[in-house]
Every structure is written in C-alpha cells, then in structure tokens.
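Okay, thanks for coming, everyone. I'll put the model on the screen and then talk you through the chains and how they meet.

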Amino acid sequence: MKKTIITLMAAMAIATAGCDKIDINNTHKPYTPTGGSKTVLIKDFTGARCVNCPEAADYAHELQHRLGEDRIFILSVHAGYLATPTGQFPDFLTDEGTAWYNNHDSNPLFSVDHVALTDGNTLNVEQIDTPVADALAEPQSFDITVENTYDESSRKLDVKSEVKAVTDYEGQLYVSYCLVEDSIVGWQIIPGGMDREYVFRNVFRGTLNGADGEPLPSNHVFVEDTFAFTHSMTLDSTYNADQCYILSYVSDNSKNGKILQTAMQKVK
Amino acid sequence: MQKHILLVTVLALIGFGASAQSFLENSQVNGSFQTDAQYYMLDKGIDITDLNGKKFGINGFGKVNYTNGNFSAGIRFEAFLPEMNGFRSELNGVGLANFYATYDNGFIGVTVGDIYDQFGSGLVFRTYEEWSLGMDNALRGARVVLRPTNGVTIKGVYGRQRFFWAPYLEREMSADDYRGIVRGADAEWDLNQSIPSMNDSKFRMSLGGSFVSKKQADQSLFYYIPENVGAAAARLNLGYGNWAFSTEYAYKINDPSAINNFIYKEGQALMASLSYSQKGFGAVLQVKRTDNMSFKSMYTGKQNDLDINFIPPINYTHTHSLPSMYTYSTQPNGEMAAQLQVNYTIPKGTALGGKYGTKLAFNMSQVNDIVRDSIMDNGQMVINKKGSLGYASDFFAISKHRFFRDINFEIDKRINKDWHVNAQYINLYYDIETIEGHAGAPVVQANIGFVDVTYKINKKQSLRLELQGLWENEVHKGYEVEESEKKDYQKRGDWAAALLEYTISPHWSFSIADKWNYGNPVEEYRDHYFTGTVTYIHDATRVMLSGGRQSEGVVCVGGVCRTVPASSGVTLTVSTSF
Amino acid sequence: MKKLTALLLLALFATGLYAQSKTDLPNVTLKDLNGKDVNIAKLSNNGKPIVITFWATWCAPCIKEHNALNDVYQDWVDETGVKLYAVSIDDSRSTAKVKPVVEGKGWDFDILLDVNSDLKRAMNVSNPPHTFLIDGSGKIVWQHTGYVEGGEEELYEEILKVAKKKK
C-alpha cells in the first residue's frame, strides 16, 4: 500500500521535475537569418483609437528587424471602427483597406502574405511568428521590379514595373500596386492615455489598381516570362513625397489570394 | 489516444453488457440537453443596421451519462450552428466535445477522457465548463484519485486542454497551436476524518498541497520560452466552533506569455478568508493578492483561452439587470482585493423582525491594482519590458489605482402571507477603461437601487414587480460628447428599469420588462430595451421564449466574462434532463 | 472515429433501455459545511423521502426558493419526515460565503458543497435551482427545474405521494 503511494508520488515528482528557469540576462534569441529570397508582406489592420495597436505594431516591427528588413514588409492598414476618423484623430481610411478588413470586428489584426485573412480568419500579433518564418522559407516564384518617376511640381508619379516569373507557375495571378506613406505624426491612443505625436509607420494610402489588383495576362507562366505594367497618379497635396513608397505584390487567387512575392520602392 | 480511449470504452461496455444480465439491471442512464436559439432582426433604433449575414445563432448540447455501480461513462455533443452573438466564433461547429469513463471503488478512482477537477481553490489548477460563457477548458487525458485512508486524498492528472474544436494529437495540431501538456498532483489531508479522536472535535483542520506543470514547445522567434513551467500551492483550513479560517498560497516560476507581455517574473497569489457564523448571523472577510498568476497551457493564449488555473474574484455577484451591467472581471496580471459580507436575520417575533423575521445583508468589496516599480534591465530602468523581469512589486503595497468598489445593503422581508419585499442599495465604482478596455472612457461611479415586490394572489398565482434605477455621478452631463468618443458612451449614464412578472405555479411565468437608458450623454443612445418572456416549466423541462431588445453588456460567471453585443430579436431556450 | 462514437452512443442507449427507469443517486462525494465527506449514493433517511436542491449564493430564484422552503420546512418534516439537502454549486470564489449566508438567512437544511460541480454534472443539472425528490429506497422519482412563487406546493404534493406510498 504504502509502497504504491510512494512509487506514485515519486513518479509524479519525476514527471513534474525539471522546470526551466531562463537566465534573465539571456532571454532574447539570437537572430538566425534564413536563406532564400522570398519576401513576405505583413498587413497590420490597425486604428488610431485602438489602444493595443501601437504595441502590436512594435512587435511586428521587431519581427521585421530580427528577420530582415529587406525580406519582410509591413503595411499598416487603418480599417474598422477604431480607425474611423473622428475629432483630432487622423483619417487613414481607404476603400480598399475597408474591403480587405472584411467586417472583422477588432484591431489589431494581422495577415501574413494574406494567409489567414481571406478565409475569414485573422491572426493576433503573437501568432504571426510562425507564418512569417514559414513564408520566408518558401521558394521564390516571382521577381518584381518597380521604377518610380516623380515630378515635384505637378506631383505626378509614374510607376513602371516588371513582374518576372522565376519558376513555372500556374494559378489565378494578380498584381497589386499600393501607395504607402511612412512616418506620419498624429494622435494615437496608447495604454494609459493619448500620444499626440505618435509616429505612424507604413500607412496604406490606397492602391493604384483596385482592391484586388489586376490580373496577369496569363495564368500559366513559365520561367523568365516577364510582364510590364505602368500606372500614373497624382500625389495628394497633404502627402509627404519624401516618405512615400510604392509597394507591389503578386498574389494567387486560386489560393485565397496568397501573396507570392512583395517589393517596395521609394517614390523619390 | 482519443480513438483508443473510445475503443476501450466501447469494448468495455459491450463486453460487460453481453456477459451479465445483472449488469444490465444495475445500468442507469441519465442525460440532459439544452438548445438556445436566437433569431436576429434589424433594429435601427439601437443601431443594428446590418446583421452581417447572420440571422440565426444556435447553441446546443446533449449529454448522456451511464452508470453501473462503480463504473460510469458519459459523452457530450455540442453544436454551434453558428454560435450566438457574443460567443467566440471558434465555437462554430458540431461534434463530440467531451467524453469520459470512470471507475471508482472508493479506494482508487481512475478516469480517462475529459477531466474536470480543481486543486484547492483553483489557484494552480481548475478545469471546468460554463455553458453560458461558451467556456470549456477540460483536460483530455487521465486522472487517478487515491484515498488510502480516511481523510487522505491524492490526485494526479495528465492531459491536454480543450481549445474549441482543435485536435488533441500532436500530429494533427495546426502549426500555430502551441498547446502544451498539463500534469498535476494534489494531496489533501483532513485531520478530523483521519484521526479518530478528532472525528467530532470542535476544532477542525485540513491541509493540502499541489504541484502543476505544463510542458510546452518553445516556438518563439524572439525569446527563450521555458518548456517546463511549474506552479505549486499550499493550503490550510482551520475551524473552531463557529469560526472558520482558510488560506492558500500559490507560486509559479517564470512563464512569459502574451498575457503578461513576455516578462519572466515569477507569479504569486495569496488568498485568505475568515468567517463567523451562528444561527441568524454570518460574516465573512476575504482578502486576496495576485501577481502575474495567469497560467495557460499555450503561452500565446489570449482572453480566457486555455487557462490552467482559476483566480477566484471576491466580489458580490449581482443578479438584477442594472447592477449586473457592471460586473467585475478578474485582472490576470495582478490585483489586491478585499471583501466583507454580513448576513443577519432579525429574529421572528421581535418588533423589527415581525412574524417572519427580516433578512439583512451588507457587502463591501474593493479591488485595486498592485504596485509595480521599474527595475534595472541591461543598464536601463524599465517597467514591464518584454524579455525582462518586468517589475518589482512590494507584496503588501496597494496601488492607488482602484479597479472596482461595491458597497451594498440588502433587506428582504416577508410582510405577511401575501406580500414580500426585497430591496437593495448599491454604491459602485467601476474602472471601465481597465475592465472592459474602453480606452479613455470615464470611470463609472453610480448609485443603484431596486425594489422587488411579490404579491401572492392565491395559492397558485402571484405577481412580481421590480423597479430599478441606476444613477451615474458624473458622466459628462450637459457636455457635448465628441463624435469620436460616442461609442465609449454606449450604455453610460442613468438608467431606469421595470419588470412585471405573473406566475402560475408550477408551470407558467409571463413577464414584460423595459430598460431605459434615459440619461445617456449621447442623445441617440437614450434607448428603450423592451422584452417579453414566457416560460413554461414541466418537471425537469424548461421552455423559454423571449423577444425584444438586448442591450450591450457583459455576462460573467466566476469573474470570467464575455461581452454580449446589443441585439434585437427572438430567443428560444429549451432544456431538459432525464 | 465517427463510427466508434455512434457505437458508443448505441451501447449507451441500449443499456439505457434495459436500465431501470428510476435512477439511483450517483456515487459522488461532497463535503458538508464542516468539511466532512458525504457520499451521495449512501444518503438515507430511514425509508423516508429525501429532497436534494441545487442552489448558489449568486442565484436569486434559488435564494427565494430556499427562503420559502425554510418557512414550511419544519411542518413538512413533522408531517412526512422528509429531509432536505441543499447542494451549493458555488465555486471556490464563494464557498467561504456559503456558511455565513446559510446561517445568516437562518436556513435549517443540511448544506453540501459541490465546489467542483461533480454532482451537478452527474445529475445533469443545467441551471439552478433544480430539485430532486428521492423515495425511501433511494431512487430519484421526480425532478423539477426553476422556481416560481408557490412552486414549493408542487414539491410538497410529490413528497406526500412518496411518503404515503411508504405507509
């Protein structure tokens, strides 16, 4: 009898022994670059009146910083009730952003290469680590180059772009061009109050070719196939051209709009 | 594993069933089911202009228990087709949510399947299911209970927790499902039952201790996540005559998580209660301190997902609609709380007691934050920084930041054979910004009162009238609320509510009610919420049909809450057990 | 998996059909207000009826029902010898309050604590209040959910039926 209990308790002790105490001076993992040249787009659905959004954005940027700023792009899409412009809060709403957001009911929310967004789900920021790492490890299928010509006086921007297949690929292929403005200062709710000089990063200002982009001429492409696109637009007078970018991505609608490759190019 | 358990259970059942007629005679089956269905309608009056394609919400469950002597087994099916508004969308689906088989002969008890249990007051381990919250953190695995001698109970549990409909097997789990394995052991020794000379002693004492650990995989790209996180607790219950004292202390090692912002501080909790009771009088004082005690089997878990432990809130649970609009929910990262409750019955036959006695109750509870001081991390003074020890906290210091306070007084009096009155006054302080996350919203400071009068028409029929009022001290009265702030003022300001119920015992109840947010600082929110309800009860079957508007609110059970969006429509509830 | 589930269900129902219609009390051990273990399956009242009610300190209709029952309880005991166990399903947040509430309200019933909802699950109680009537041989003969004013009368009629049968 006694033996049974002692054995049982000893077994419990062994089973539960060995708890891990992490050295507090060494909690951060070292950065280990992954190979490959696939780029990844994180869409951060955020809002100026969303108290948890700045922290989530920091997390996404920390991830970008650790895994490679040339490999990971962040697009801050202001959408949803907490992004609805009121009072002194900045207006970063866009029709396309609202369409992408697709009636989700909270911020912050994330998608990684559109995965988990178009099938109705979204990610919390803590959940993006793995999808980002997975997406980085995927093979590259396309290469995108963007060339911007900007005329200071007329504020006219011409975007010339080439999408080149790096492998053979079959799907329902689309390409999208987005205007992004970085480092805008404005009101943002933060935990415990209001930051009147918050710096909004990578703010999505709209697309040049619709919410879903435009189709590639062919859905079955072969390596070295190249497609050219041109677009023009006039920058809004309130935008700071020095901080504007064109962000472009190729997506596959046969895979719920999964993004295959992303590229970014400064306007100036 | 799941399949094997089922197979064994089925085989065992069939085997037993085929072999012995007497077994069948001892077999007993009971069960229950419940369906809650809502039909939603557009209602411009309360801003519902789009149903988002959701006209129906149905939550249902059916369960069957089978018992035969020392053996029992059961299953529970659940269906959310889709889930009702206010429930987590992950619930959407149908399936076998729960099953178990238990053999218990008094000396040893073995359960395989889904386990609900708790150690002590739950500070390190509690799995439970709360249908009204859509919450279930059952542990699927095994449990062994040993009772070697009178008054000694030893328990061991092992398994993985339920996470909506996610699979339990490692190889079937999705890539972002980091749920770990939970293991725990608990021992309790009741001296009065184990020592014969103490069996009928006025002095009562029991002791207990538990240890729980989770084994999780470190999937983080940024931080080293501990793969084995342990928590331990010790408890003591003492009693002498009319006095009772109980206390429990819990400790948890470093457990960085999404909830605590990936800090590596240890967690602690202390609870104590002292009570005195005699016929006609009872008083209880409770105190509590928790610090970083959120303990989940997935370090990325949010909200109430995958809680291994349960931090009991210590505040009064209101049941009338206006006072329960602002119900406190436990703050997982730390709080200090105290509560005093006194119940007294003025005896029958005295001047104030009258023929039936008068029941009085007083309750006061307050919850404040703990004090958090910055600490040195890599040569910098930081507070709550990711990857650091977080903060330093003086165990006995109370922060000036008050989350909640509730002072209430209740009187319950049967005046004569036909009339019965129940009334309560409540003074409430509710930090809505912290508790509900409404950034920038002013604190709710309100006086609330209700009178509940029942008149017995005859032996079978009665009428009940309930009048309630909620008056907020300052919520920007006469101040123009900015467009941007409007949404934070939903349900704010003064309320009045009335309910009239007519019952025909034992089957029928009819009621109509209105809640009116007449003092909302935003004019368009000054809405009426009419509802009508018919309930039919026959033995263990209850059918309830109600229609009207539901205001936005919070439903809480045991300090765990879910928010319910405003809605308009019809609700049908059918429940039965056999 | 699905087939196994179906099989399990069938097995349960099949055995259920053979099973007696009146069920016994489940083999669950609860604690009384003094911390003593009480095995529900072994409850007995010398062949007289037993009533088990489920309640909670936070459940308004439960408090009402028990206040009403308390007013008539002594008469019932005198007439039928019935014994009432009021099972509190309060969890750990309010177990410390149960005794002061019960004493403060002056209730005369035996109180049992179902802190882990074991009995609640075993007896398929969805929402309190829920009342069971057990006859002299320990079988559950009647149950009722909810409480409306005057509902105790129906319970009393059922108790009388059971008590008479015994005589």
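So, how many helices and strands does chain B have? Chain B has four helices and 30 strands. Before I go further, keep in mind that this is a predicted model.

Let me stay with chain B for a bit. There are 578 residues in chain B, and 58% of them are buried. If you take the contacts between residues at least 6 apart in sequence, 60% of those in chain B join residues at least 24 apart. On the surface side, chain B exposes about 23200 Å², with carbon and sulfur atoms supplying 60% of that.

I want to zoom in on one residue here, Q216(B). You'll find Q216(B) in the loop between β11 (203–215) and β12 (228–240) of chain B. Is Q216(B) buried or exposed? Q216(B) counts as buried because its relative accessibility is 1%, and the cut-off for buried is under 20%. And what does Q216(B) touch, leaving out residues up to four places away in sequence? The list is Y178(B), G180(B), I225(B), P226(B), E227(B), V229(B), D255(B), S297(B) and Y299(B). On top of that, the side chain of Q216(B) makes a polar contact of 3.2 Å with the side chain of K214(B).

Right, over to chain A. Chain A has four helices and 15 strands. The chain is 268 residues, and 52% of them count as buried. For contacts in chain A with a separation of 6 or more, 72% come from residues 24 or more positions apart. Chain A exposes about 12200 Å², and 50% of that is supplied by carbon and sulfur atoms.

One helix in chain A that I'd like you to look at is α4(A). Which residues of α4(A) are buried? They are D129(A), T130(A), P131(A), V132(A), A135(A) and L136(A). As for what they sit against, the buried residues of α4(A) pack against β1 (40–46), α2, β2 (72–78) and β3 (109–112) of chain A.

Now let's put A and B together. For interfaces, people often quote size as the accessible area lost when the parts come together. For chain A and chain B, the buried area is about 3800 Å², and 62% of it is on carbon and sulfur atoms. The contact takes 37 residues from chain A and 45 residues from chain B.

What about charges? Between chain A and chain B the count is one salt bridge. If you want to find it on the screen, look for the side chains of K29(A) and D218(B), which meet at 2.9 Å, N to O. There are also nine residue pairs in polar contact between chain A and chain B, both at pLDDT 80 or more. On the side of chain A that touches chain B, α1 (2–16), α2 (53–67) and α4 (129–137) of chain A each supply at least two residues. The largest share comes from α2(A), with six residues. Sorted by class, that side of chain A has 18 nonpolar, 10 polar and nine charged residues.

On to chain C. Chain C has five helices and eight strands, and from the N terminus on the elements run α-β-β-β-β-α-β-α-β-α-β-β-α. Of its 167 residues, 64% are buried. Chain C exposes about 6400 Å², 52% of which carbon and sulfur atoms supply.

And how much do chain B and chain C bury between them? About 6600 Å², with 55% of it on carbon and sulfur atoms. Within the area that chain B buries against chain C, Q28(B), K279(B) and D539(B) supply 9%, more than any other three residues. The contact takes 87 residues from chain B and 65 residues from chain C.

For the polar side of things, the count between chain B and chain C is six salt bridges. One with named partners is D71(C) and R414(B), whose side chains meet at 3.4 Å, N to O. There are 24 residue pairs in polar contact across the interface of chain B and chain C, both at pLDDT 80 or more. Helix α1 (residues 2–19) of chain B gives the most to the side of chain B that touches chain C, with seven residues. By class, that side of chain B has 26 nonpolar, 40 polar and 21 charged residues.

That's my tour, thanks.

Methods: Residues numbered from 1 in each chain as written. Chains lettered and ligands numbered in written order. Predicted model: local features only at pLDDT ≥ 70, side-chain atom pairs only at ≥ 80, totals over all residues. Heavy atoms only, no water. Contact = heavy atoms within 4.5 Å. Buried area = accessible area lost by both parts, 1.4 Å probe. Salt bridge = Lys/Arg side-chain N within 4 Å of Asp/Glu carboxyl O. Polar contact = N/O pair within 3.5 Å; in protein donor to acceptor, adjacent residues only side chain to side chain. Nonpolar A, V, L, I, M, F, W, Y, C, P; charged D, E, K, R; others polar. Buried < 20%, exposed > 50% of the residue type's maximum accessible area, 1.4 Å probe, protein only. Areas by Shrake-Rupley, 256 points an atom, 1.4 Å probe, with all protein chains shown as cover.
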